[in-house]
Amino acid sequence: MGNKFLIFLGCAIPYRVSAYEISARKVLAKLGVELVEMPEFNCCGLPLDPVSHETMLILAAKNLALAEQQGLNILTLCPGCAGTLKKVNKILKEDKTLREQINGHLKEAGLEFKGTITTKHLLQLLKEDIGLDKIKSSVVKPLTMLKVAEHNGCHILRPKEYIGFDDPEDPQTLKALIEATGATCLDYIDETECCGAPSVGVSDKVALQLARDKLSHVKMVDAQALITICPFCHIMYDTNELRIEKMFNEAYGIPILHYPQLLGLAMGMTPEELAFNELRVDASKILKQVNEGAK
Amino acid sequence: MLPKVSIMTETAASKEPIKSSEIDPKFKYELSKMHGSEKILKCFQCGTCTSDCPVARYSDTYRPRTLIHMAQLGLKNRVLNSDTLWLCAACFTCTDRCPQDVEVASVIRVLRNLAAEKGCVPLVFKEQANSVLESGYAYKIPELRIKKRETQGLPPLPKGNPENIRKTLKGVKFIANLEKKGEQHGQ
């Protein structure tokens with residue numbers, strides 16, 4: 001299948017995180033990855049797992065079966081989608097009874113899950129299929145002037161049993177990918193903690209305090225930006241940073257960038273090309289530094 | 001110290017004294033046969049889940065250990081009616097760190113599924129389920145966003161196939177209940 005993937009956008013990205021999609025597509029094209037669109041789409045199923053595990057299994061299996069028909073592996077930008085599709089693929093391959101039950105549902109739409117493809121998140125693809133060396137050699141404008149921090153989020157790391165390409169307690173992939181751009185990736189307290197996004201709508205109080213914790217830890221090490229690889233984590237920080245600043249009477253001023261935006265800058269792309277204008281927290285300060293540093 | 005912020009009031013699982021009549025002694029065995037909660041009997045209440053839970057840090061009521069304990073004790077209605085059940089962020093920290101490999105987050109998911117079957121579901125999940133049934137997407141993506149894709153240099157958004165989605169979800173209890181209620185509201 002080479003470097004050709006079926007891109008699975010998920011729901012959150014087309015809903016309100018287009019900068020992630022725009023920058024990821026640009027960066028992947030430069031790295032020689034060919035993307036094919038899903039012929040038909042439905043949610044991966046994760047948002048409905050809390051209320052109906054069966055619904056989640058069917059929705060995920062339907063997407064896997066569609067991808068199998070195309071004979072292509074799936075690439076996702078959302079860790080939630082990646083985790084769900086990986087987990088369901090594994091469960092259905094191992095559990096024959098469950099597979100038959102789910103296939104009974106898929107049959108109604110003329111589909112069948114066979115378990116012939118795999119799913120990868122952008123991060124895993126960059127690490128395993130492209131490789132750090134190729135990414136480093138694509139850098140034309142090393143971002144040596146930047147000191148940033150990373151936020152992996154939960155679903156790219158946990159549960160380890162199903163995701164398992166990085167260490168959930170001390171993840172290294174995103175750090176290495178950030179450093180490949182020339183930027184420094186700083187360590188900070190509780191790096192692997194949850195951003196709080198899944199609690200929004202159920203308890204905003206809990207969600208905002210978790211995000212505030214993270215932002216204050218990132219601020220503590222003077223990171224100039226926080227780098228994310230998840231649409232939900234990005235929404236949580238980028239959309240709520242000003243609200244959190246007001247609520248706790250604190251100032252952070254930390255721009256939240258999608259990883260491909262950072263990599264794109266290092267590849268020589270312009271902030272306009274990488275949709276920096278879509279970010280809520282002003283990133284002009286670091287963009288100015290990048291611009292000046294390159295002169 | 002963190003300033004106290006109160007946006008939503010959390011209702012704790014009832015602290016009323018337990019009556020023997022509300023105990024379902026077979027509940028834990030039922031759970032141990034369900035997909036995701038097979039290992040509930042292995043929990044020895046060490047509290048690792050609660051001490052590592054990011055939500056428990058800021059919630060006055062959400063304690064995964066307590067929810068598992070209530071289920072083990074057979075306090076079925078109490079645990080299924082509890083608002084706190086819905087606070088889990090599904091970060092899976094408890095699952096990865098549980099020394100007994102109980103898969104705590106999965107047990108909580110099973111409990112939520114059972115609560116949902118009884119009709120105890122926060123509104124947000126019903127909205128997302130309806131949106132998936134109507135469009136394939138969990139959120140209603142504004143027309144403007146879909147049109148804007150072209151000017152952003154993005155390919156057209158893949159379309160959902162509501163007919164196929166409904167066909168494959170035929171016979172799923174949660175979806176059937178949702179549609180039944182939808183019809184009633186429509187009348």
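## What surrounds helix H4 of chain A

The buried residues of H4(A) are covered by elements that include strand S1 (4–8), helix H3 (53–70), strand S3 (73–76), helix H5 (96–107), strand S4 (119–121) and helix H10 (231–248) of chain A. The model described here is predicted. Twelve of the 16 residues of H4(A) are buried, so the helix is largely enclosed by the rest of the structure. Among these buried residues are A:Pro79, A:Gly80, A:Cys81, A:Ala82 and A:Gly83. A:Lys86 and A:Lys87 are also buried, as are A:Asn89 and A:Leu92.

H4(A) covers residues 79–94 of chain A. At 1.5 Å a residue, its 16 residues should span 22 Å, and the end C-alpha atoms are 22 Å apart, so the expected and modelled lengths agree.

## Strand S1 of chain A and its partners

S1, one of the elements that cover H4(A), is itself mostly covered, with four of its five residues buried. S1(A) is joined by four bridges to strand S2 (residues 34–37) of chain A, and these two strands run parallel. Within this pairing, A:Ile7 stands opposite A:Glu37 of S2(A).

S1(A) is also joined to S3(A), again by four bridges and in a parallel arrangement. Here A:Phe8 has A:Thr76 of S3(A) as its bridge partner. S3(A) is also listed among the elements that cover the buried residues of H4(A).

## The two domains of chain A

The domain assignment of chain A gives domain 1 (4–122) and domain 2 (131–294). Their C-alpha centres lie 25 Å apart. The contact between them takes 23 residues from domain 1 of chain A and 25 residues from domain 2 of chain A.

On the domain 1 side of this contact, H1, H2 and H4 of chain A each supply at least two residues. H2(A) gives the most to that side, with nine residues. The residues on the domain 1 side divide into twelve nonpolar, five polar and six charged.

## Chain B

Chain B has eleven helices and zero strands. Along the sequence, its pattern reads α-α-α-α-α-α-α-α-α-α-α. Of its 187 residues, 38% count as buried. Among the contacts in chain B with a separation of 6 or more, 69% are between residues 24 or more positions apart.

Chain B is divided into domain 1 (22–117) and domain 2 (123–186). The C-alpha centres of these two domains of chain B lie 30 Å apart.

## Where the chains meet

In the contact between the two chains, 47 residues of chain A touch 56 residues of chain B. On the chain A side, helix H1 (12–16), helix H2 (18–30), H3, H5, helix H9 (204–220) and H10 each supply at least two residues. H9(A) gives the most to this side, with six residues. The chain A residues that touch chain B divide into 25 nonpolar, ten polar and twelve charged.

Some helices of chain A appear in more than one of these settings. H1(A) and H2(A) supply residues to the side that touches chain B, and they also supply residues to the side of domain 1 that touches domain 2 of chain A. H3, H5 and H10 of chain A take part in the contact with chain B, and they are among the elements that cover the buried residues of H4(A).

How values were computed: Residues numbered from 1 in each chain as written. Chains lettered and ligands numbered in written order. Predicted model: local features only at pLDDT ≥ 70, side-chain atom pairs only at ≥ 80, totals over all residues. Expected span 1.5 Å × (residues − 1). Buried ≥ 20, exposed ≤ 12 C-beta atoms within 10 Å, placed from the backbone. Contact = placed C-beta atoms within 7 Å. Nonpolar A, V, L, I, M, F, W, Y, C, P; charged D, E, K, R; others polar. Pairing = 2+ DSSP bridges. Domains from an automatic or database assignment.
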